Protein chains: 2
Amino acid sequence: MKPPSEKSAARRKSRPSYEPLQPHEIELADFFVRMAGILGVPRSVAEIYALLYVSSGPVDFDQIQGRLGISKGSVSQGLKFLRDHEMILSVKEPGSRRERWQPTPSLAASLVALLRSQVLPALEQAQPGLQRVLADAQQRGAQPEVIERLSRLNRWNSRALELAPLLLPPPGA
Amino acid sequence: MKPPSEKSAARRKSRPSYEPLQPHEIELADFFVRMAGILGVPRSVAEIYALLYVSSGPVDFDQIQGRLGISKGSVSQGLKFLRDHEMILSVKEPGSRRERWQPTPSLAASLVALLRSQVLPALEQAQPGLQRVLADAQQRGAQPEVIERLSRLNRWNSRALELAPLLLPPPGA
DNA sequence: GCCTAAGTTCAAAAATTATTGAAACATCAG
DNA sequence: CTGATGTTTCAATAATTTTTGAACTTAGGC
């Protein structure tokens, strides 16, 4: 609520005070937050991405924390998530340990990568189980309709797994 | 833990005791639960769908509750969700008020509908805001790179909105 | 090689979301 | 009609997820 007195704040090592998000930035953040929500990505992560997205140059850790008004921990974890999913890039300037961040050039590619990383493991892990479920149903002489459903599910799963690598090469190719 | 004594259970209006899910059913449910999780659909909803999906005929309310071991409230809400997203159909048999449920023929169509229902409203609502954000940036003479990003976002949004009705006709066409 | 700025980790707290169950409601078989 | 059956509602609770912040680690400037 009450900010540290102007004087002391200004004197010591110039701990800069950051502006809260402007209305237009909030609008964009809301959009990203909503979209991210569909995929279960936390609010803070979407906000960080939005901030980088509307910002003209790379943004550093403290700016992110200050402008969004969130904790260090959240910033760190959010950046980790975005890094892991190759949605942001860091720019290092010489003579400073500080990293500055900006979005990857293609948001589209980022989204695809994000989806991949969520869906693919599920498909892969499910593969043997789904086959077993189908075999099981056939052995038990289940209704043709059920067999048909389970077959289709298996076919889908296989096709998705085949197509996946074409959609975007795995993170080391 | 301890079921009601066999005798009384058997006598009165035959409140049947339902079998818990079999291993092959659990396997399928796990798959659906995982996939649903990606879209933020609750576990219980995915389980209900999975049960209908592996079952030979339509399944009624009490069977769902009994076999999944969840509350009436959850069953009701889960069915509502699935109904609202046109993922299940009810079959009514004459001489009974009871509804029995089965999955809609196409899981693919169901998934598309589900996605639509989550993504479309977000896109629609965002439309004016995104345009405003772009206009704003242009007026403020923001960096070309930022303008470019925001333009692309707007174009995407518009194209997605145009394409959407083709993907699947809105729920009354 | 220190020492400090920069960032990470993670247990605890807060916030959010899902589930329960009891009461209210609706419908239709009798 | 009416009573019992079948379903919905929703406030309370439980479960899960996200955020915080203080202690810890790391890296690089000096």
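Trainee: How many residues does each chain bring to the contact between chain A and chain B?
Mentor: This is a predicted model. Chain A gives 25 residues and chain B gives 25 residues. Two residues count as in contact when their C-beta atoms lie within 7 Å.

Trainee: Which element gives the most to the side of chain B that touches chain A?
Mentor: α6(B), with nine residues. Helices α2, α3, α6 and α7 of chain B each supply at least two. By class, that side has 14 nonpolar, six polar and five charged residues.

Trainee: Why are α2(A) and α3(A) called oblique to each other?
Mentor: Their angle is about 135 degrees. Roughly perpendicular ends at 115, and roughly antiparallel means over 145. The value of about 135 degrees fits neither range, so the pair is oblique. The axes lie 8 Å apart, and the crossing is right-handed.

Trainee: Which residues make that contact?
Mentor: From α2(A), they include A:L28, A:F32 and A:V33. From α3(A), A:V45, A:Y49 and A:L51 are among them. The contact has 12 nonpolar, no polar and three charged residues.

Trainee: What makes a residue part of the surface near DNA strand D?
Mentor: Its C-beta atom must lie within 6 Å of the strand. There are 25 residues around DNA strand D, and A:P42, A:S44, A:I70, A:G73 and B:F61 come nearest. Two or more residues come from each of α3 and α5 of chain A and α5 of chain B. The largest share, six residues, is from α5(B).

Trainee: How does that surface divide by class?
Mentor: Into four nonpolar, 12 polar and nine charged residues.

How values were computed
Residues are numbered from 1 along each chain as its sequence is written. Chains are lettered from A and ligands numbered from 1 in the order in which they are written. This is a predicted model: local features need pLDDT of at least 70, side-chain atom pairs count only at pLDDT 80 or more; totals for chains, interfaces and linings use all residues. Helices (H or I, at least four residues) and strands (E, at least two) are DSSP runs, numbered from the N terminus. Ala, Val, Leu, Ile, Met, Phe, Trp, Tyr, Cys and Pro count as nonpolar, Asp, Glu, Lys and Arg as charged, and the others, Gly among them, as polar. Axes are lines fitted to C-alpha atoms, for helices over the stretch in contact, and angles run from 0 to 180 degrees between N-to-C directions. Angles under 35 degrees count as roughly parallel, over 145 as roughly antiparallel, 65 to 115 as roughly perpendicular and the rest as oblique. A crossing is left-handed if the near helix is turned anticlockwise from the far one by less than a right angle, and right-handed if clockwise.
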